[in-house]
Amino acid sequence: MRALAFTAALPLLWASPALAQGAKASSPVEFARDVAQLKPGEWVWAPEVAPAGPILVYVDLSAQRATVYRNGVRIAVSTVSSGKAGHETPTGVFTVLQKDAKHRSSKYNNAPMPFTQRLTWDGIALHAGGLPGYPESHGCVHLPYDFARALFAETSLGVTVVVEGNAADHIETTEASLLAPLDAKGKPLAGQPLSDSQQYRWQPERSPAGPLTIIVSKSDQRIVVLRGGVEIGRSAAHIDDSDPGSHVITLTHGPDGADYWVYVGLPGHSEDAGRTLDEATRNRVRMPRAFYEAVKAELVPGATILVTQSGVGAEPGKRITIMDAVNPAP
């Protein structure tokens, strides 16, 4: 019989009907059982299920849950509270830009934001906060206090954070672009769609280092490559996949010394967990050969692919012709 580990008394800021409490699971079966029973303010933490490897955080706004994966394996799940009406949490693919365990808000009366992990320069972050069981923040993703502390200890700058869904309508994807680039002062930057004469754009010098994230947008028929949260490449593509859901695939270094693309079991797609990317799925995607070779040369374990119906700022309805196309291969 597992034991629940209850947190110590917290400041009144987090005093709510669902005081943060967590369970520590030691096996995948126990972990899955506990996750299915989570109530607002509760969480499950099982880092020993995958003790090493790159971390990815997936925030599902529709379900108000955050899931942490390490080396493609789910190691933690928590209930969250995201932005309320008028302050909606933006969807997108982010990287952790700053970490501050004792951060205070510069916007909202110096309010404490413990274990802050900043996602945008204009104030969106993961941090400990109120958990009433519904969206009530000013845009940040609130986590239980002890969960935020544990996650803070496990992550490093540059960790990939994917935020998808719609808290108001409880849908998994959004018509809004996943990419809303901001400058260092938090001001929106103009989008850079491909021109009529471009099949792809490749600018690795824009961000020489950092985690690599590849977004495959089925609705826009585009592939976008981010490194360290900065777009370094964009390509037209032909993506033959009608699945409305999202999938995350991570490049993992196997025990045999080879690298494999392995599916992460996102909420609603738990059957994906641990499955390797097969040839039939790869053949559903075609892209310019030069773009494919350029991206392939940059891949290292920890690289992440997000396959989604959400947009990436492409011109809707534009017809594209892909010259010198290839089917991706390992």
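Of the 330 residues in the protein chain, 50% are buried, where buried means under 20% relative accessible area, exposed over 50% and partly exposed in between, with a 1.4 Å probe and protein chains only. This is a predicted model, in which local features need pLDDT of at least 70 and side-chain atom pairs count only at pLDDT 80 or more, while totals for chains, interfaces and linings use all residues. Residues are numbered from 1 along each chain as its sequence is written, and side-chain values use heavy atoms, with hydrogens and water left out.

**Whole chain**

Start with a cartoon view. The protein chain has 4 helices and 22 strands; helices (H or I, at least four residues) and strands (E, at least two) are DSSP runs, numbered from the N terminus. Switch to the surface: about 15,500 Å² is exposed, and carbon and sulfur atoms supply 54% of it. Accessible areas come from the Shrake-Rupley method with a 1.4 Å probe, and for residues only the protein chains shown count as cover. Among contacts in the chain with a separation of 6 or more, 62% are between residues 24 or more positions apart; contact means heavy atoms within 4.5 Å.

**Strands β4, β5 and β6**

Next select residues 65-70, strand β5. Because 5 of its 6 residues are buried, β5 is largely enclosed by the rest of the structure. On one side, β5 pairs with β4 (residues 55-60) in the antiparallel sense over 6 bridges; two strands pair if DSSP finds at least two bridges between them. D60 stands opposite R65 of β5. The β4-β5 hairpin has 4 residues between the strands, and there Q64 takes a positive phi near 55 degrees.

Now add residues 73-79, strand β6, which runs antiparallel to β5 and is joined to it by 6 bridges. A66 has S78 of β6 as its bridge partner. With 2 residues between its strands, the β5-β6 hairpin has N71 at a positive phi near 55 degrees.

Stay on β5 and pick V68. Leaving aside neighbours within four places in sequence, V68 is in contact with I55, L56, V57, V73, R74, I75, A76, F147 and L151.

**The cores**

Which residues have the most contacts inside the largest nonpolar core? Select V59, V68, L126, L143, F147 and V161 to see them; the core has 29 residues. A nonpolar core is a set of buried Ala, Val, Leu, Ile, Met, Phe, Trp, Tyr and Cys residues joined through side-chain atoms within 4.5 Å. The elements giving two or more residues to this core are β3 (42-45), β4, β5, β6, β10, β11, α2 (145-154) and β12 (160-164). Its largest share, 6 residues, comes from α2. Another core, of 21 residues, lies apart from this one and includes I232, L277, M287 and F291.

**Helix α2 and T155**

Select α2. With 7 of its 10 residues buried, α2 is largely enclosed by the rest of the structure. Those buried are Y145, D146, F147, A148, A150, L151 and F152.

Move on to T155, in the loop between α2 and β12. T155 counts as buried because its relative accessible area is 8%. Beyond residues up to four places away in sequence, T155 touches I55, K99 and Q117.

**C140**

Finish at C140, in the loop between β10 (125-128) and β11 (141-143). Is C140 buried or exposed? C140 is buried, at 9% relative accessibility. Draw a distance to S81: the two are 59 residues apart in sequence and 8.2 Å apart in space, C-alpha to C-alpha. Not counting residues up to four places away in sequence, C140 touches S81, S82, G83, T89, M113, G123, I124, A125 and H127.
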